[in-house]
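Reader: Before I accept the labels given to a structure, I want the reasoning behind them. Please take me through a few.

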Amino acid sequence: MRNRFVIGSALVASLVLGTTAGAAAGPATEQLKSEIARVIATIENPSLQPESRTAERRQAIRTITDGIFDWPEMARQALGRHWEERTAAEQAEFVALFRDLLERAYIGKIERYGAENVAYVGEATDDDAAMVRTRVTLRPGQEVMVDYRMARQGARWMIHDVVIESVSLVANYRTQFEGVIKTSSYRDLIKKIRTRLS
């Protein structure tokens, strides 16, 4: 449970909190920084702070994250070998649920979490793949390494996975999903996700 909290907190902090100077940035890092700046501006926008505008604020954040996270690819990887067995309609349903699952798990922390800074410490690029490395300082001074696996799609870099202290977010979910399907069924997995979301 504690590990899940650290992972969630680190992911949120690295996505939405202030940044500090780090190693020389490449194009993937620069794009990630730009998206983080947009999220920060949205969260800090006084006009979106009232509780009555929570839904509007969260939709604005979703619009930004949709432009940097490749949800279909992340969902495909998370479902693993079971992805190809699904119909196109089932795949679309799973992508939407997977995105909602991550948002529901972290959106509350995005709006209330505190951290000191996020430092960009390096970028490794190999053709159309990149790894952006960050160091997140959590309160009360705990440091967590967060790496973003990104892929070039046209002129943009999209996140395919987030690796926190050497733990892959996608692989973590894949293990959970595989366990449910193996002991029950795919439809039961969908029911469990819907129950968690409700």
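**Labels and their grounds**

Author: In β6, S168 is the bridge partner of V163. Note that this is a predicted model.

Reader: What makes β5 and β6 a pair of strands?

Author: Pairing requires at least two bridges. Two bridges join β5 to β6 (residues 167-168), so the requirement is met; the strands run antiparallel. Their hairpin has two residues between the strands, and E165 takes a positive phi near 50 degrees there.

Reader: How do you know that β4 pairs with β5?

Author: Eight bridges join β4 (residues 142-153) to β5, against a requirement of at least two, so they pair. These strands run antiparallel, and A151 stands opposite M158 in β5.

Reader: Why is β5 called largely enclosed?

Author: Buried means under 20% relative accessible area. Eight of the nine residues of β5 (residues 156-164) are buried, so the rest of the structure largely encloses the strand.

Reader: Why is the pair of F94 and F98 called stacked?

Author: The planes are 20 degrees apart and the centres 6.2 Å. Stacked means under 30 degrees, with centres within 6.5 Å, so the label follows. F94 and F98 both lie in helix α5 (residues 88-112), four residues apart.

Reader: What makes the pair of F94 and Y186 tilted?

Author: The centres are 6.4 Å apart and the planes stand at 45 degrees, so the pair is neither stacked (under 30) nor edge-to-face (over 60) but tilted. F94 lies in α5 and Y186 in α7 (residues 186-197), so the pair ties together parts 92 residues apart in sequence.

Conventions:
Residues are numbered from 1 along each chain as its sequence is written. This is a predicted model: local features need pLDDT of at least 70, side-chain atom pairs count only at pLDDT 80 or more; totals for chains, interfaces and linings use all residues. Side-chain values use heavy atoms; hydrogens and water are left out. Buried means under 20% relative accessible area, exposed over 50%, partly exposed in between (1.4 Å probe, protein chains only). Rings of Phe, Tyr and Trp (its six-membered ring) pair if their centres lie within 6.5 Å; planes under 30 degrees apart count as stacked, over 60 as edge-to-face and the rest as tilted.
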